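Please have the sequence and the three-dimensional view side by side before reading on. The paragraphs below move from pairs of charged side chains to the packing of helices, and then to two single sites.

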Amino acid sequence: MYNVEFYKGDYLERQRKANDDKCVCYVEHHFNSSASPSANYVVVITGSNASQTSKNWGRWYAQAVAREFDLPVGGNAGIQVGGYNGRGDFNLRHTYMPAILLEPLFASNPQHAEWIRSDERQNRLARILCESIQRFFQKGGLVAFSVGHKYKTSRPNDRGAKVYGGGMEADYAEEILNKAQEMIEGIDKPQEHRKINVIQGDEVLWTQNVDPDSDITWDPVRGVLRIDQA
Ligand SMILES: [Zn+2]
């Protein structure tokens, strides 16, 4: 029910093509970078003209990554509207569909850099992105992906920030988007029920539909997940 298209060229050109193709949503993937190696928050940028859907979607993603990796969120509850001092705004502002720019981890932080290179952590980031798209764009459609920095006509050698310990931001961002593409294109029906998952590492071991009104509590001492029907 979903197809993914990677848009290349300069950022304005990517957005115009995605508009022409009537994409349902637009994602540009980056990693953050700072002179301080301890910088460690999750943030999503939206355009200065972003819709409420873009903002809600961006916050949902940022907060899910923050919980998964045990990190704080940056910006305003996870989003930075209009980018940092104008940076990031131009990358999204020309889209007609909801659009977000992801900065899930810091390429400059040694611990984050290890995660950025880890196949398992990449899968976790891809799964959160996939779930966010499924949640916010439930009817399916064409999903626009843009790899930050890479494939720009005007600066073909740009790969973004150096990742601590080796590699470049854009190449890892592309790996994660490739994984997310496979997950998203594998979805065969809309999520019509509230679901709980048991996940080990990056593998979903068990999935169960639950009543939308039920309370779910975890007792770590007994190891019991209790589902109480309202
Ligand atoms: Zn970047």
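Helices, as the word is used here, are DSSP runs of H or I with at least four residues, and they are numbered from the N terminus. The model is a predicted one, and every value that follows was computed from it.

A convenient place to begin is helix 1, which spans residues 11-20 and holds both glutamate 13 and lysine 17; because these two are four residues apart, they are separated by about one helical turn. Their side chains meet in a salt bridge, with a distance of 3.5 Å from N to O. How accessible are the two partners? Glutamate 13 is partly exposed, with a relative accessible area of 36%, and lysine 17, at 36% relative accessibility, also counts as partly exposed.

In general terms, side chains of opposite charge can pair when their charged atoms come close. The structure holds 10 salt bridges, and another of them joins the side chains of arginine 93 and aspartate 89, at 2.8 Å from N to O. Here the surroundings of the partners can be told apart: arginine 93 is partly exposed at 33% relative accessibility, whereas aspartate 89 has a relative accessible area of 11% and is buried. Where a bridge has more than two participants it becomes a network, and such a network of salt bridges links Lys150, Arg159, Asp171 and Glu174.

A further salt bridge is formed by aspartate 119 and lysine 179, whose closest N and O atoms are 2.4 Å apart. Aspartate 119 belongs to helix 4 and lysine 179 to helix 5, so this pair ties together parts that are 60 residues apart in sequence. Aspartate 119 counts as partly exposed, at 48% relative accessibility, while lysine 179 is buried, with a relative accessible area of 18%.

The packing of helices comes next. Two packed helices are described by the angle between their axes and the distance between the axes. For helix 4 and helix 5 the angle is about 55° and the axes are 8 Å apart, which makes helix 4 oblique to helix 5. In passing helix 5, helix 4 makes a right-handed crossing.

Helix 4, residues 119-136, also packs with helix 2, residues 52-69, and in this case the angle is about 150° with the axes 10 Å apart. Since angles over 145 degrees count as roughly antiparallel, helix 2 and helix 4 are described as roughly antiparallel to each other. The crossing of helix 2 and helix 4 is right-handed.

Which residue lies in the loop between strand 6 and helix 5? Histidine 149 is found there, after strand 6 (141-147) and before helix 5 (169-185). Histidine 149 is buried, with a relative accessible area of 16%. In sequence, histidine 149 and lysine 8 are 141 residues apart, yet their C-alpha atoms are 9.9 Å apart in space.

The last site is on the surface, where Val198, Leu205 and Trp206 make a nonpolar patch of about 270 Å². Valine 198 has its place in strand 7, which covers residues 194-200. With a relative accessible area of 36%, valine 198 is partly exposed; a residue must have over 30% relative accessible area to be part of a patch, and the value for valine 198 therefore meets that condition.

Definitions and conventions: Residues numbered from 1 in each chain as written. Predicted model: local features only at pLDDT ≥ 70, side-chain atom pairs only at ≥ 80, totals over all residues. Heavy atoms only, no water. Patch = residues over 30% accessible without salt bridge, like charges linked within 9 Å, V, L, I, M, F, W, Y side chains within 5 Å. Areas by Shrake-Rupley, 256 points an atom, 1.4 Å probe, with all protein chains shown as cover. Salt bridge = Lys/Arg side-chain N within 4 Å of Asp/Glu carboxyl O. Buried < 20%, exposed > 50% of the residue type's maximum accessible area, 1.4 Å probe, protein only. Axes fitted to C-alpha atoms, helices over the stretch in contact; angles between N-to-C directions. Parallel < 35°, antiparallel > 145°, perpendicular 65-115°, else oblique. Left-handed = near helix turned anticlockwise from the far one by under 90°.
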